Amino acid sequence: MSRFNKLIKEERGAGVVELILIIVVLIGLVLIFKEQITDLVNDIFETIIEDAGAI
């Protein structure tokens, strides 16, 4: 019976499941806001390129 109790109390797998769920949520957010993220990154790079020409 002690092996069964050890198996029930073991929580190593819970951390892996939580990590996978966080990754899934992040991927979902990226897919939902893909266009806004792309526009933001493009604006940032345009600003960097314009300001770099002034140096």
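**A predicted chain of helices**

Of the 55 residues in the chain, 0% count as buried. That is the starting point for this model, which is a predicted one. The accessible surface adds up to about 5,500 Å², and carbon and sulfur atoms account for 69% of it.

The fold is quick to describe: there are three helices and zero strands. Reading from the N terminus, the order is simply α-α-α.

How far the picture can be trusted varies along the chain. The mean pLDDT is 84, with 75% of the residues at 70 or more. Helix 1, covering residues 2-9, has the lowest confidence, with a mean of 62. At the other end of the scale sits helix 3, residues 34-53, where confidence is highest, at 93. Where pLDDT is low, the predicted coordinates shouldn't be read in detail.

Charge is the other thing to look at. Glu35, Asp39, Asp43, Glu46, Glu50 and Asp51 together make up a negative patch on the surface. One of these residues, Glu35, can be placed more exactly: Glu35 lies in helix 3, the helix with the highest confidence in the chain. Glu35 counts as exposed because its relative accessibility is 58%, and exposed here means over 50%.

Notes
Residues numbered from 1 in each chain as written. Predicted model: local features only at pLDDT ≥ 70, side-chain atom pairs only at ≥ 80, totals over all residues. Heavy atoms only, no water. Helix = DSSP H or I, 4+ residues; strand = E, 2+ residues; numbered from the N terminus. Buried < 20%, exposed > 50% of the residue type's maximum accessible area, 1.4 Å probe, protein only. Areas by Shrake-Rupley, 256 points an atom, 1.4 Å probe, with all protein chains shown as cover. pLDDT = per-residue confidence, 0-100. Patch = residues over 30% accessible without salt bridge, like charges linked within 9 Å, V, L, I, M, F, W, Y side chains within 5 Å. Salt bridge = Lys/Arg side-chain N within 4 Å of Asp/Glu carboxyl O. Lys, Arg positive; Asp, Glu negative; His and termini not counted. Charge placed at Lys NZ, Arg CZ, Asp CG, Glu CD.
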